[in-house]
Amino acid sequence: MRGVRTTDDPTAPTPEPAARRRSRYKTRAAIQQLMDEHGSQRRRFCGHTTGGSVQVRHTPGAGGLRGVQRCGSVWLCPTCAATIGQHRADELSKALDTWRADPSHDVVMLTLTMRHHQGHTLAQVRDAYRSAWRAVTSGRAWTRTREAAGVVGYTRSTELTVGANGWHLHAHVLLFLDRPHALTRLAVEAFAMSAFDRWAAKLVAAGLPRPIASSGGLDLRAIREGGADGLATYLVKMAAAADDATGWVEEDSHRLPRAGEPGRTAGQQLATEAVRADLKAGRRENRTMWQVISDYLAHGEVSDRDIWREYEAIIPGTQMLVWSRGLRAAIAALTEDLPAAELTDQQVVDRDREGTTLGMLDATAYGHALRVAPDVIADVVTAAGAATPAEALVGVQAVLARYNERLDAEAAPQYLRLHLDTDPARIHRLDEGFRRLEREHATT
């Protein structure tokens with residue numbers, strides 16, 4: 001049956017970050033091997049060298065590689081999805097915390113879902129989703145109810161799962177409210193119901209069953225109540241922890257994470273819930289697409305392969321996070337932490353972050369390891385993120401030593417051993433070359 005879960009219980013403990021990175025690297029390599037000759041060349045060679053040595057880089061608490069290609073696909077590449085998702089979540093959390101710092105501001109989360117069955121293709125569901133959202137944000141009803149509820153703007157994130165009833169798309173909409181005078185809760189609820197009515201009517205026009213507001217079709221939750229620090233317990237429960245996104249409990253037919261996480265603002269937690277789809281597990285029998293591809297790689301079910309093929313052909317071009325016109329600029333004017341200009345997905349993965357170059361890996365040896373042991377490259381990145389450059393260097397060398405021992409046991413050619421070249425002069429020359437290419441790229 002399409003979409004039925006075969007993975008382990010989603011309430012099981014979430015793997016540590018290092019294990020998740022290894023899983024992403026191995027899954028990316030497997031996806032690349034599954035691609036046919038018509039697949040995207042950019043995705044096929046994501047993670048591969050751009051032609052020369054690969055730099056291993058350290059920044060406090062984070063490691064990275066320089067000199068490798070990145071595809072920038074937030075939907076189809078697990079490694080790029082994690083990078084892009086974290087960037088979007090960081091920006092959204094800054095926006096939320098900045099906005100909520102003003103006592104006259106509120107944020108509420110509106111979730112709109114749809115009903116469907118196995119007979120609906122992903123293309124039908126996607127097109128219905130797009131047209132339904134256009135219906136929500138157009139016309140006099142949108143303008144009238146938006147002004148009455150004090151909605152300054154919104155962000156909309158899109159999530160996709162598949163289950164026994166087929167493809168399921170839904171929208172998480174964060175509504176940024178300005179309440180210079182006391183607005184009643186009824187005004188916000190009236191706004192949500194008006195939006196839902198237009199959403200539902202358009203879905204019916206597109207050939208889908210009408211969603212039922214009281215049965216999961218509509219959900220409206222505030223981020224705070226009362227004063228600046230008045231977070232209600234049930235409002236915080238919707239915020240997922242970045243390292244534990246599987247702690248779901250069932251409540252009101254909706255997916256709600258466990259109670260708030262110490263040390264993280266409500267904005268950080270909510271941004272993770274809204275944007276980091278790569279950290280989530282599906283609810284009940286539904287699966288995310290990362291679960292689908294993992295199931296296929298583990299069990300080889302043809303139905304899972306067909307689900308992924310359909311998804312791969314239809315989903316590109318869909319924006320995962322959308323800011324309403326003018327909202328980002330308005331919030332950026334209030335803080336220096338949020339740039340007014342939004343980077344594209346490709347720019348997010350291509351940007352060169354500040355950091356220390358620990359050393360260089362030979363392109364041939366790196367390419368071989370990426371193909372046959374992508375988890376080793378993942379471990380190199382993890383080790384490079386140690387607290388200090390010195391600790392990072394020791395950790396990276398230890399990972400490489402273990403990998404080379406494996407090659408020795410297999411009697412592999414010597415040129416396939418991974419060694420970190422730490423010669424300062426060669427590192428400097430390579431740094432200069434990268435900077436020159438970046439300057440040339442910036443002027444074209």
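**Close-up views of a predicted model**

**View 1. An arginine meets a tryptophan ring.** R328 lies over the face of W323, with 5.2 Å to the ring centre. As with every view here, this is a predicted model.

**View 2. A second arginine, this time with a tyrosine.** Here the charged end of R28 sits over the ring of Y25, 4.8 Å from the ring's centre. Both Y25 and R28 turn up again in the next view, since they are among the α1 residues that meet α3.

**View 3. Where helix α1 crosses helix α3.** Helix α1 covers residues 17–34 and helix α3 covers residues 78–100; their axes come within 7 Å and cross at roughly 130°. That angle makes α1 oblique to α3. Who touches whom? On the α1 side you'll find R24, Y25, T27, R28 and I31, and on the α3 side P78, T79 and A82.

**View 4. An aromatic pair between a helix and a strand.** The structure holds seven aromatic pairs, and this one is W142 with Y154, arranged edge-to-face at 5.9 Å centre to centre with 90° between the planes. The pair links distant parts of the chain: W142 belongs to helix α5 (residues 140–149) and Y154 to strand β4 (residues 151–163), twelve residues apart. Both W142 and Y154 are buried. Zoom out a little and W142 and Y154 turn out to belong to one aromatic cluster with W133 and F191.

**View 5. An aromatic pair inside one helix.** W308 and Y311 make a tilted pair, 5.2 Å centre to centre and 50° between the planes. What separates them along the helix? About one helical turn, because W308 and Y311 are three residues apart in helix α10 (residues 302–314). Like the pair in the previous view, these two are tucked away: W308 is buried, and so is Y311.

**View 6. The five-stranded sheet.** Read across this open sheet and the strand order is β6-β3-β5-β4-β9, with antiparallel pairing. Which strands stand at the edges? They are β6 (218–222) and β9 (321–323); each has a single partner strand, so one side of each is left without a neighbour in the sheet. From one strand to the next, the twist averages 15°.

**View 7. Strand β3 and its two partners.** Strand β3 (residues 105–112) is largely enclosed by the rest of the structure, because eight of its eight residues are buried. In a regular strand, side chains alternate between the two faces of the sheet. Follow that along β3: H105, V107, M109 and T111 point one way, D106, V108, L110 and L112 point the other way, and all are buried. On the β5 side (residues 166–178), β3 pairs in the antiparallel sense over eight bridges. On the β6 side, five bridges do the joining, and these strands also run antiparallel. L110 is a handy landmark for both: L110 stands opposite V173 in β5 and opposite L220 in β6.

**View 8. The β4–β9 edge.** How many bridges join β4 to β9? Three, and the two strands run antiparallel. To get your bearings, look for S157, which stands opposite L321 in β9. β9 is one of the two edge strands from View 6, with a single partner strand.

Conventions: Residues are numbered from 1 along each chain as its sequence is written. This is a predicted model: local features need pLDDT of at least 70, side-chain atom pairs count only at pLDDT 80 or more; totals for chains, interfaces and linings use all residues. Side-chain values use heavy atoms; hydrogens and water are left out. Rings of Phe, Tyr and Trp (its six-membered ring) pair if their centres lie within 6.5 Å; planes under 30 degrees apart count as stacked, over 60 as edge-to-face and the rest as tilted. Helices (H or I, at least four residues) and strands (E, at least two) are DSSP runs, numbered from the N terminus. Buried means under 20% relative accessible area, exposed over 50%, partly exposed in between (1.4 Å probe, protein chains only). A charge sits over a ring if NZ of Lys or CZ of Arg is within 6 Å of the ring centre and within 35 degrees of the ring normal. Two strands pair if DSSP finds at least two bridges between them. Axes are lines fitted to C-alpha atoms, for helices over the stretch in contact, and angles run from 0 to 180 degrees between N-to-C directions. Angles under 35 degrees count as roughly parallel, over 145 as roughly antiparallel, 65 to 115 as roughly perpendicular and the rest as oblique. Contact means heavy atoms within 4.5 Å.
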